[in-house]
Amino acid sequence: MATYLEFIQQNEERDGVRFSWNVWPSSRLEATRMVVPLACLLTPLKERPDLPPVQYEPVLCSRPTCKAILNPLCQVDYRAKLWACNFCFQRNQFPPAYTGISEVNQPAELMPQFSTIEYMIQRGARSPLIFLYVVDTCLEEDDLQALKESLQMSLSLLPPDALVGLITFGRMVQVHELSCEGISKSYVFRGTKDLTAKQIQDMLGLTKSAMPMQQARPAQPQEQPFVSSRFLQPVHKIDMNLTDLLGELQRDPWPVTQGKRPLRSTGVALSIAVGLLEGTFPNTGARIMLFTGGPPTQGPGMVVGDELKTPIRSWHDIEKDNARFMKKATKHYEMLANRTATNGHCIDIYACALDQTGLLEMKCCPNLTGGHMVMGDSFNTSLFKQTFQRIFSKDFNGDFRMAFGATLEVKTSRELKIAGAIGPCVSLNVKGPCVSENELGVGGTSQWKICGLDPTSTLGIYFEVVNQHNAPIPQGGRGAIQFVTQYQHSSTQKRIRVTTIARNWADAQSQLRHIEAAFDQEAAAVLMARLGVFRAESEEGPDVLRWLDRQLIRLCQKFGQYNKEDPTSFRLSDSFSLYPQFMFHLRRSPFLQVFNNSPDESSYYRHHFARQDLTQSLIMIQPILYSYSFHGPPEPVLLDSSSILADRILLMDTFFQIVIYLGETIAQWRKAGYQDMPEYENFKHLLQAPLDDAQEILQARFPMPRYINTEHGGSQARFLLSKVNPSQTHNNLYAWGQETGAPILTDDVSLQVFMDHLKKLAVSSAS
Amino acid sequence: MQINSYGVGVTPQSQAPPGPQSAGSFQGPPQPPQPSILQPGSQVPPPPPTALNGPGPTPLNAQYQPPPPAGQTLGAGYPPQQATSYGPQMGGAQLSYPGGFPGGPAQMAGPPPQLQRKLDPDSIPSPIQVIENDRATRGGQVYTTNTRGQVPPLVTTDCMIQDQAILHITANETKSGHSSPRYIRCTTYCFPCTSDMAKQAQIPLAAVIKPFADIPSNETPLYLVNHGESGPVRCNRCKAYMCPFMQFIEGGRRYQCAFCNCVNEVPPFYFQHLDHIGRRVDHYEKPELSLGSYEYVATLDYCRKNKPPNPPAFIFMIDVSYSNIKNGLVKLICEELKTVLQRLPKEEHEETSAIRVGFITYNKVLHFFNVKSNLAQPQMMVVTDVSEVFVPLLDGFLVNYQESQSVIHNLLDQIPEMFADSNENETVFAPVIQAGMEALKAAECPGKLFIFHSSLPTAEAPGKLKNRDDKKLLNTDKEKILFQPQTAVYESLAKDCVANSCSVTLFLFPSQYVDVASLGLVPLLTGGTLYKYNVFRVNLDSQQFLNDLRNDIEKKIGFDAIMRVRTSTGFRATDFFGGIFMNNTTDVEMAAIDCDKAVTVEFKHDDKLSEDAGALIQCAVLYTTIGGQRRLRIHNLALNCSTQLADLYKSCETDALINFFAKSAFKAVLNQPLKVIREILVNQTAHMLACYRKHCASPSAASQLILPDSMKVLPVYMNCLLKNSVLLSRPEISPDERAYQRQLVMTMGVADTQLFFYPQLLPIHTLDVKSTGMPAAVRCSESRLSEEGMFLLANGLNMFLWLGVSSPPDLIQGIFNVPSFAHINTDMTSLPEVGSPPSQQLRMIMNNIQHKKPYSMKLIIVKQREQREMVFRQFLVEDKGLYGGSSYVDFLCCVHKEICQLLN
């Protein structure tokens, strides 16, 4: 076997799985002493161009409580045509279709390279994808115009047979009927009145079985297998209509007096959208796409009153319990999110406004349903436009990078139990023998619903080793986990992706080095960070930080090499060496720090942190910094104030922002216009290089990051200065006058101080 | 008459057993204009009593249904027993009435054997004669309103009315400044000085005010006074507006209010010197100093929220439920709207109408339409939340017709198709009004809703109604429920409508019971109009409806009106009847008031009145014009006062009295059993006449029936009122029809009630082809018809063309263009345009009758001795009613008996 690094990478590429530990401590007691729980980051739909789905259905273990899927780890008796389930050891007969199997004629699911395999299910009715636009009309004219154009553009990107619907809202909520010809027709609802799903369906006339159709449409009988869906029509049929309708969309006509916010009924609009889909297309892949340009100001789910003189809640207000509407609004959106999740639909929020739009209250909608959350300043920015366009990007097969209504089921071998999951999912409350009592994240279940997901959606799944200390596992024993993801593919097929993995058990007392070497500090950092962020949603910030610190110190105590009470003797092995640094940056990150962030921003950052894959998550925790100079090719440099040098150009990627920063000298040169002189063409190239690299990142990322081009002394340089390790500040005077980097005006501790403290605490016997 | 008096402790005199039969005779020389005296003979022996029970067996009757059972007759008409007692004295009356119809018993069809023993109908006062007399003496002349206490010509008399100041008067007399009787008509033009006198006479003191009455083009329209920012000059204490009655003193620096006697400073801008008789030098230059009626431009203080009002809006709300689509009504309305919208009313000097229009269709949900001018297609917005209706759009709902014409036409074209496949039968109603009201409220403008509705609103929503057409309630104390709305929703809705100056006009097309009492309440209280077309057939009845619609849209109207009636000291306005809403006891609020709506005001003494000062009335209406201007319309009237009862009786106006009696009685039906109301009416009639007999008439035998000249026709009119289907419960008349008529009368002016209660009956067969005038009317009695004749009867709602079985064939040919009586198609609702002179003449007559009437009358062709004649005969109001109700003669006898009792 190659190095663990290679092993980890290989596993990630094949299975989309990264474990915190790749050799597992064999007893419950030892496992808890490892501090970092046994857990993994799972990317259920990781793009696998090399993995075409098989066209048949999986073979299931016959034990009703198990139903694990036949996989390469199973023992197979080719002669008897039997296989033994590796989870429950049940012996199963192969189905008749498998009569021809032998050692040389194996089905794909038995081959080791198919530890991840995808099945395509042919049976069952195919249901179309549904896109329901919920559009705020209380926007500025140019914003609305830009949004309308984006929406019109999106019609051409949608799958042609997808159903599309339109709800607009302002003071009122309008559900547009798309089927009618001639006169455009919409159903209008008061924006202040909370309606039950039943009422909404009654009022939209969805409950009646025999709806009087506008006209008989015998032409496409197969396209109308559902309840009347006057509000949801195939794109190819009504794209002209809808384009016109969007074109005629006016700003909310109700007058907004001086000193008032427009009345925006987001809560009712979402409620109606949810109710509409609930009544017409339950358990069908559907996206509710909410486009909003401001906070909800009336009705259920209102976040702030319409008086401009009372500002929207800040973290300060929330701490002081001064956010009047927050609890009620949050409850409203949570109720909607849960209903949506139950129906297998997802809610996206595209919020573009300079002020907050109430993402804090509404976050549960995308969080629980796997929807997107996009935050921008205006719909008239490339950030929104490109991000929105990217939702409809296609993969190598020409399929949309989205999947719906997924159910993730996790099966474990009996030494393990499932503690919980953190990610864009809701619990399906399926109890079973492999569900742990101790919950980490969303627990108490072995199945989760992920209503909307894409190839990068990643869940953190936490396990508990339950094997008792006195029941050792035989040498060479392996623990296994199977992840079964059933989902609706964007081509409307039903698919099942199965990933079965196994890891070696090791006795922590005798083989600690093995376990230590198999530590994946990157995965561990992200998994711990997810736990921390998950806690931060319900606990006070300082408590979470204390908990993180405690865990870090314990980890160092456990795996560090040191002499007691001698900080200078402290060493960490390679596989742990980066971990404290990750924790240092995590502590400073907007995921745990709310200072300088609005509640909406915090919700936004946390939303993305809880769903991105490992690489992106790491960038979020510890942004990447590249340096460009005449001294050589671009190189990654330390995220440290010492990297900020006058003759360098820096490119920082924090996931949410791309910052290009020109050092003092470079900035002066540019000002002087050297780049335009033919003899300084190399300078021109130097200036261009980070721009090109930034473009590359911008092109690939979802959501599109904020792009910041700044220079020494520029106001936007704060984005860089707030991220770098403040190794030089106005406090440590020895750095003054030296030409190494830029001092940061902060009282935050630097990494060095942090490490010093960590070492001291780790070696102390008192803690 | 106080309406409250309907409630308590009235012992109806008519309940008393008939007094001993006296051999009294009516005698005494009649001296016009002295009271007319009937002089029946006493020598005729009593008839056998058996013959007087039940209606006389005329040959005509034999063809009809059997007469109603006697038990039912008791509740409705006058007990036959009374006739038994009085018949004998009346029988064989001499033809002693001076203006009697020169017809003899020979004209009566199939005279029953008892006839000669009955009072001769021609000997009793004839309304036709009274009308003709007044026409002869005052018709076609100029009537100047410059004399206080002057009784104007009858409403039926055409003359030119001049409201003008007369030059040769002294300052102390209020000889100018009286409104035209077209605006105000009083029950009496001379008030008794004391309340004791008033109680003695029991003559109602009331004024019927029609503030927006249409004025013929040859009369001067109202002058508009503009005092700029300072606004109208008003008395500081009672707030009366400057008018000709105000007395300027101290060289013109002060004036004394004629209403409250407060002395006010004349505002500097208004100062003017007085002349030698103490009159302002500019007296004749200022309408408010010399005329009875004029208008002021109102300042912002008179506007809501001190903001100038927005021009009003009309919202058309069409019931598009299944039946309306199926019978083509929706299509008819939509087509018609395209035309009438071009004729929206506008201010005289304006090019186009300022009125904005909006459209709503509904069944059990509401559809609003965005018809903004920049749209290529109208947009439909459905509001399904009928429990709490709201307006889904502001911009684009109410639009200028000219600007949005193409979108509106597009919409009107599409509406019938849009709902062509709808099979929704249920409708809502209250939410529809609510929606229109909310729309006007949101647009901050006054307005009028035109609702085209046809069914009982049974869908689940506020104001949902159920069928309560219960015949068992008739003639019980619970009968009044039928006139009351089913739920309180409509009353509070009406209140909101008035508060937001939203007037509701309702066009009803019922094919069965729709509960007019509930549906009509909002139109009534908001100054709107209720039109009802029973079993509407598009092919036959369209014209009537379309005429009404056109007329209603175009008619003169004021919005957001508040009326205040001020009086001089000594009396005050105590009660108001009409299409009004009152939050307190003085302010009459009207969401809108049009030229056909009248408010009847009752006055009561609260002190003594002086003969010198007279009784002054000032009616001020603050309103918004169709162009969105705020104005004040002032009508002034001064009446005489007298300590002599005779003066009072001399100045009475019977048409106005009947208007008052009808409205107060129709208001009372909500609270009182009909029987009690009828008894009160009879009693009061008897009382008024008895008082006259006792105090004013020259001494004569007690048994003589003496009527004051001004009240000659009071009994016949009163009898018509008593026989009206509202006050007479019969299972044959649907509660909807009764509620409808009740509602119509509540807002009628004097001329309308006159025609409604005593229809006009014109002989057509005797037309002089050369004459262009109207033929002389005949009395509404079957005895005036003849088999060889054709008669036209009109009551303001319907027009009947009655054809005798032996109508002259050439006349039939001339009018109907068919060879014979049998060929005439009675289904027709308008006469064919035959070029012949009789046809032209008849149609001209019909047009004349229809002219300026608030409701388009439906023409019904009635052939003698056919089923339909039953309906027609209800309108022969001098006869005994088919469904009960006594004949004029019987009623006169009854009243006479009452009077005799009172005098004893």
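This is a short walk through a predicted two-chain model, from the interface between chain A and chain B to a few buried spots and salt bridges.

Okay, housekeeping. Residues count from 1 along each chain as its sequence is written, chains are lettered from A and ligands numbered from 1 in the order written. The model is predicted, so local features need pLDDT of at least 70 and side-chain atom pairs count only at pLDDT 80 or more, while totals for chains, interfaces and linings use all residues; side-chain values use heavy atoms, with hydrogens and water left out.

Let's start with the interface. On the chain A side, 21 residues are in contact with 28 residues of chain B, where contact means heavy atoms within 4.5 Å. The area buried between the two chains is about 2100 Å², and carbon and sulfur atoms give 54% of that. Buried area here is the accessible area, with a 1.4 Å probe, that two parts lose on being put together, summed over both. Which residues of chain A lose the most area to chain B? They are A:I183, A:V188 and A:R190, together 29% of what that side buries.

Now the polar side of things. Between chain A and chain B I count three salt bridges, a salt bridge being a side-chain nitrogen of Lys or Arg within 4 Å of a carboxyl oxygen of Asp or Glu. One of them joins the side chains of A:R190 and B:E388, at 4.0 Å from N to O. There are also 12 residue pairs in polar contact between the chains, both residues at pLDDT 80 or more. For polar contacts the rule is a pair of N or O atoms within 3.5 Å; within protein, one must be able to donate a hydrogen and the other to accept it, and residues adjacent in sequence count only if both atoms are side-chain atoms.

Where does the chain A side come from? β10 (172–177) and β11 (184–190) each supply at least two of its residues, and β11(A) gives the most, with seven. Helices (H or I, at least four residues) and strands (E, at least two) are DSSP runs, by the way, numbered from the N terminus. By class, that side has 11 nonpolar, five polar and five charged residues. Nonpolar means Ala, Val, Leu, Ile, Met, Phe, Trp, Tyr, Cys and Pro, charged means Asp, Glu, Lys and Arg, and the others, Gly among them, are polar.

β11(A) also pairs with a strand across the interface: β15 of chain B, residues 379–383, in the parallel sense over five bridges. Two strands pair if DSSP finds at least two bridges between them. Within that pairing, A:V188 stands opposite B:V383.

Next, some buried places. Buried is under 20% relative accessible area, exposed is over 50%, and partly exposed is in between, with a 1.4 Å probe and protein chains only. Helix α16 of chain A, residues 599–609, has 10 of its 11 residues buried, including A:Y604, A:Y605 and A:F609.

Over in chain B, look at B:H453, in strand β17 (residues 447–453). Is B:H453 buried or exposed? B:H453 is buried, at 0% relative accessible area. Its side chain makes a polar contact with the side chain of B:Y362 at 2.6 Å, and reaches the backbone oxygen of B:S455 at 2.5 Å. Beyond four places in sequence, B:H453 is in contact with residues including B:D319, B:T427, B:F429 and B:L506.

Last stop, salt bridges within the chains. Over all chains the count comes to 82. A:R313 and A:E361 meet at 2.6 Å, N to O. That pair links distant parts of the chain: A:R313 sits in the loop between β13 (286–292) and α7 (315–319), A:E361 in helix α9 (residues 359–362), 48 residues apart. A:R313 counts as buried at 4% relative accessibility, and A:E361 is buried at 0%.

Then there's A:R588 with A:D748, closest N and O atoms 3.2 Å apart. A:R588 lies in helix α15 (residues 579–588) and A:D748 in the loop between α20 (718–721) and α21 (751–763), so the pair ties together parts 160 residues apart in sequence. A:D748 is partly exposed, at 44%.

A:D653 and A:R701 pair at 2.6 Å, and both are buried. And in chain B, a network of salt bridges links B:K448, B:D552, B:K555, B:D594, B:D596 and B:K597.
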